[in-house]
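These are my notebook entries on one structure. I set down what I looked up, with each term explained where it comes in.

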Amino acid sequence: MHQHQNLKSGFTITELLICVAIIGIILGIGVPAILASRDKSQQTTCMSNLLAINIAKRGWATDNLKPETAQPTSADLIGPTKYMKSMPECPTGGTYTFRQIWQRPQCSIDNHTI
Ligand SMILES: [Zn+2]
């Protein structure tokens, strides 16, 4: 005796489309917020690095009686016995420029400034 197969699936196509639409809306709201939060966090970390570099520059200038126009190199500031143990890294891959003592150090990423 041939058994009748129940071919009805658990969800209709309309229900599936509604689910997909709801997931899309949730992602549309959530993902930009998460990305913005990540950007802000990376920017804050970078600013903290720039402040540390600035403090190191000031320490070097004071200890070595350097004028405000002096420009330290990484050899001056970084090393186990120097002002910073290692070169801080921008979380988004920007590169740091020490600049002169009176100038604030810079990151190559636009909104990473102190
Ligand atoms: Zn940066």
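Entry 1, the end of the long helix. I looked up what follows α1 and found L65, whose phi is positive, near 50 degrees. I noted that L65 is a residue other than glycine and that it is found in the loop between α1 (13-63) and α2 (74-77). Helices here are DSSP runs of H or I with at least four residues, strands are runs of E with at least two, and both are numbered from the N terminus. L65 counts as exposed because it has 7 other C-beta atoms within 10 Å. For this term I use C-beta atoms placed from the backbone: a residue is buried with 20 or more others within 10 Å of its own, exposed with 12 or fewer, and partly exposed in between.

Entry 2, the source. I recorded that residues are numbered from 1 along each chain as its sequence is written. The model is predicted: local features need pLDDT of at least 70, side-chain atom pairs count only at pLDDT 80 or more, and totals for chains, interfaces and linings use all residues. pLDDT is the predictor's confidence in each residue, from 0 to 100. The mean for the protein chain is 92, and 92% of its residues reach 70 or more.

Entry 3, a second positive phi. R99 also has a positive phi, near 65 degrees, and is a residue other than glycine. I located R99 in the loop between β1 (96-97) and β2 (106-107). Is R99 buried or exposed? R99 is partly exposed, since 15 other C-beta atoms lie within 10 Å.

Entry 4, the helix itself. I counted 51 residues in α1, which reaches 74 Å from its first C-alpha to its last, close to the 75 Å expected at 1.5 Å a residue. The expected span is 1.5 Å times one less than the number of residues. Which residues of α1 are buried? They are C46, N49, L50, I53, A56, K57 and W60. An α-helix has 3.6 residues a turn, so residues three or four places apart point the same way. The buried residues of α1 pack against α2, β1 and β2.

Entry 5, the core. The largest nonpolar core has seven residues: C46, L50, I53, A56, W60, F98 and C107. α1 gives the most to this core, with five residues. Such a core is a set of buried Ala, Val, Leu, Ile, Met, Phe, Trp, Tyr and Cys residues joined through C-beta atoms within 7 Å.

Entry 6, two core residues. L50 is buried because 21 other C-beta atoms lie within 10 Å. Leaving aside neighbours within four places in sequence, L50 is in contact with R104, P105, C107 and I114. Contact is defined by C-beta atoms, placed from the backbone, that lie within 7 Å. With the same neighbours left aside, F98 is in contact with I53, K57, Q71, P72 and P105.

Entry 7, the whole chain. The protein chain has two helices and two strands, in the order α-α-β-β from the N terminus on. The C-alpha trace spans about 100 × 25 × 15 Å along its principal axes. The radius of gyration is 27 Å, whereas a compact globule of 114 residues would have one near 13 Å. This radius is taken over C-alpha atoms, and the globule rule is 2.2 Å times the number of residues to the power 0.38. Buried residues make up 11% of the 114 residues.

Terms used
Two residues are in contact if their C-beta atoms, placed from the backbone, lie within 7 Å.
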